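Biologist: I would like to go through this model and ask how each label was reached. Please set the values against the rules as we go.

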Amino acid sequence: MASQSIGAQVAINIFLFLLVMGMASTVDIKIMRQQLRNYKAISIGLFCQFFLMPFFGYLVTIAFNLPVPVGVTLIIVVSSPGGSYSNWWCALFNADLGLSVSMTTASTILSLGFLPMNLFIYTYAAYNSKDSEVGGESVIKSINFGVIFISIAVVIGAIATGVFCSYKFDTPRWHKIAYIGGNVSGIALIIFSTVLSFKGGSDGSEPTPQETITATRPADYVAIALPCLLGLVVATILPTLLKLSKPERLTTAVECCYQNTGIATSAALSLFSGSDLQLAMRVPTIYGFVEAISIAVYLLIFWKLGWSKAPKEEKICTIIVKTYEVQDHNEDPDKDDEGEDEVGSNIENNDEELAAESTGSNVELSEQKASTDAS
């Protein structure tokens, strides 16, 4: 079982690396440099990610009086950095991919400090009077941060590799290959994770999705879904009020709400056991379904409202397959060349006119001199 678990974790990290690297490789370096200096957009995204989302999780935990395994795991989910699929969703529906990769990079690095800080603050605030084995500071000590930091390191390494490849092999062919490869890796990761989640569990070691969702109270579904839905609304309104571009608003909302549920799953396995583990495993399972469905519907609606880089009149099958990040990169040089040709033609015409005027002036001066000599 241990060797199978290690093998599965290695496979997941490989798919994760290829997915993030592929998405990072499709970003125009010039655009990414601009977005890294887009302090307003990145600051809004980080504020929503590390301040609003954990606070929403805490409020929901208190308001619904969630049991300790559910509440602690929910706080871990909403305190985690953006999920690996956030770049994929932004690429799929043509939001601002450069900003998405920049936000993922910043949030992943900052999560090394913000994740344990938010876990300590909000679990202690919510469960300081609970059993000391699961409440307060002991929660932090019980979490296997080694697994969490490995996942974070994989994402950072994938982003760095993808950006380097985009800089080194800055051609339309490479961008398209990387985009297709990233999508294939993303689909493979979804399939592999789904198969893995349905495999086993009946022996009592890990509950399957059927076992975790069965007998869940309706209030639990509402409580787990609320932070994602609240974050989606606030992360749309706030960038709009601060006048970010429409694709940037979409990216900010996705980065805010799409959490890395794999971190919460690993933490739950290290924190709980038995019936408590069954309760805890419901949280990332339900939240994962909610975030995927809500973000897909959200991006679809706002694409039709003209907020994405893809034309709203285009067919959905076309915009999903086609990346408009790459199209912009390909078409701009042609437009620049046309502009340069037009400027060159104007310069040549102006030179000819000046030469003609100069010749005419010289002839006129010669005639005046000849007339004067004759007189």
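Modeller: A contact here means heavy atoms within 4.5 Å. On that rule, residues 24 or more positions apart account for 82% of the contacts in the protein chain with a separation of 6 or more. Keep in mind that this is a predicted model.

Biologist: What makes up the protein chain in terms of helices and strands, and how many residues count as buried?

Modeller: The protein chain has 16 helices and zero strands. Of its 375 residues, 46% count as buried, where buried means under 20% relative accessible area. The accessible surface of the protein chain is about 18,100 Å², and carbon and sulfur atoms hold 63% of that surface.

Biologist: Which residues have the most contacts inside the largest nonpolar core?

Modeller: They are W89, I295 and L299, in a core of 82 residues. Helix α14 gives the most to this core, with 12 residues. Membership requires buried nonpolar residues joined through side-chain atoms within 4.5 Å. As a general matter, nonpolar side chains in soluble globular proteins tend to be buried together.

Biologist: What does W89 touch?

Modeller: Residues up to four places away in sequence are not counted; beyond them, W89 touches V254, Y258, A292, I295, A296 and L299.

Biologist: Why is the pair of F50 and F114 called stacked?

Modeller: By the ring rule there are nine aromatic pairs. For F50 and F114, the centres are 4.9 Å apart and the planes 15 degrees apart. Centres must lie within 6.5 Å to pair, and planes under 30 degrees apart count as stacked, so the label follows. F50 lies in helix α3 (residues 39-63) and F114 in helix α6 (residues 97-127), so the pair ties together parts that are 64 residues apart in sequence.

Biologist: Why is F50 called buried and F114 partly exposed?

Modeller: F50 has a relative accessible area of 1%, and the limit for buried is under 20%, so F50 is buried. F114 is at 22%; partly exposed lies between the limits of 20% and 50%, so F114 counts as partly exposed.

Biologist: How do you know that Y58 and Y122 form a tilted pair?

Modeller: Their ring centres are 5.5 Å apart, with 40 degrees between the planes. Stacked needs under 30 degrees and edge-to-face over 60, so an angle of 40 degrees makes the pair tilted. This pair links distant parts of the chain, with Y58 in helix α3 and Y122 in helix α6, 64 residues apart. Y122 has a relative accessible area of 15%, and because the limit is under 20%, Y122 is buried.

Biologist: What else is joined to or in contact with F114?

Modeller: Ring pairs link F47, F50, F51 and F114 into a cluster. Leaving aside neighbours within four places in sequence, F114 is in contact with F50 and F51. F114 and S79 are 35 residues apart in sequence, with 7.7 Å between their C-alpha atoms.

Biologist: What makes N94 and K243 worth listing, and is each buried or exposed?

Modeller: N94 has a positive phi of about 60 degrees although it is not a glycine. Phi of K243 is near 65 degrees, also a positive value in a residue other than glycine. N94 lies in the loop between α5 (86-92) and α6, while K243 lies in the loop between α11 (218-241) and α12 (246-257). At 3% relative accessibility N94 is under the 20% limit, so N94 counts as buried. K243 is at 72%, over the 50% limit, and is therefore exposed.

Biologist: Which residues make the nonpolar surface patch, and why is L305 called exposed?

Modeller: F289, I293, V297, I301 and L305 make a nonpolar surface patch of about 500 Å². L305 is in the loop between α14 (274-304) and α15 (316-321). The relative accessible area of L305 is 51%, and exposed means over 50%, so L305 is exposed.

Biologist: Why does I14 count as partly exposed?

Modeller: I14 is at 46% relative accessibility, between the limits of 20% and 50%, so I14 counts as partly exposed. I14 is found in helix α1 (residues 2-25). I14 and A158 are 144 residues apart in sequence and 9.8 Å apart in space, C-alpha to C-alpha.

Note on methods
Residues numbered from 1 in each chain as written. Predicted model: local features only at pLDDT ≥ 70, side-chain atom pairs only at ≥ 80, totals over all residues. Heavy atoms only, no water. Patch = residues over 30% accessible without salt bridge, like charges linked within 9 Å, V, L, I, M, F, W, Y side chains within 5 Å. Areas by Shrake-Rupley, 256 points an atom, 1.4 Å probe, with all protein chains shown as cover. Salt bridge = Lys/Arg side-chain N within 4 Å of Asp/Glu carboxyl O. Helix = DSSP H or I, 4+ residues; strand = E, 2+ residues; numbered from the N terminus. Buried < 20%, exposed > 50% of the residue type's maximum accessible area, 1.4 Å probe, protein only. Phe/Tyr/Trp six-rings, centres within 6.5 Å; stacked < 30°, edge-to-face > 60°.
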